[in-house]
Amino acid sequence: MVHKKRDPRLDGAAMERITQLHGLAGDMKQSDHILAQRYIRLSEMIAERMDITLPPGIKRSYCRNCGLPYGTETRVRIKNGICTVACSNCRNIRRLPYKY
Ligand SMILES: [Zn+2]
């Protein structure tokens, strides 16, 4: 893949849009799962198209399996430096290294 020259203004706009979509997804996750998931998928698409990496704060805040933001129902356990996150929606389990 040939990388085009990056335009910092476009990157900024894309990041702004992603943050916005993520906020919307968070607002919708209680009332409308489908819409929340759509917002998350959209932000992933933008990131992919713009060839940018989602900020870790966003990347870790939703389920990569079903695309739903983690909420109060989500179970998080920390054991031996591994943070285990279980999605309340699809039961997908994700393990992340826990740093502090
Ligand atoms: Zn899930």
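Angles under 35 degrees count as roughly parallel, over 145 as roughly antiparallel, 65 to 115 as roughly perpendicular, and the rest as oblique. Keep that in mind for the helices here. This is a predicted model, where local features need pLDDT of at least 70, side-chain atom pairs count only at pLDDT 80 or more, and totals for chains, interfaces and linings use all residues. Residues are numbered from 1 along each chain as its sequence is written, and side-chain values use heavy atoms, with hydrogens and water left out.

From the N terminus, the protein chain runs α-α-α-β-β-β (helices are DSSP runs of H or I, at least four residues; strands are runs of E, at least two).

Start with α1 (residues 8-28) and α2 (residues 33-49): their axes, 8 Å apart, make an angle of about 165 degrees (axes are lines fitted to C-alpha atoms, for helices over the stretch in contact, and angles run from 0 to 180 degrees between N-to-C directions). The two are therefore roughly antiparallel. Residues of α1 including L21 and M28 meet residues of α2, among them Y39 and I46 (contact means heavy atoms within 4.5 Å).

Now for the metal. The zinc ion's protein donors are the SG atoms of C63, C66, C87 and C90, 2.3 Å from it (donors are N, O and S atoms within 2.8 Å of the metal, or 3.2 Å for Na, K and Ca). Along the chain they are spaced C-x2-C-x20-C-x2-C. C66 sits in the loop between α3 (56-59) and β1 (75-79), and C90 in the one between β2 (82-86) and β3 (93-97), so this pair ties together parts 24 residues apart in sequence.
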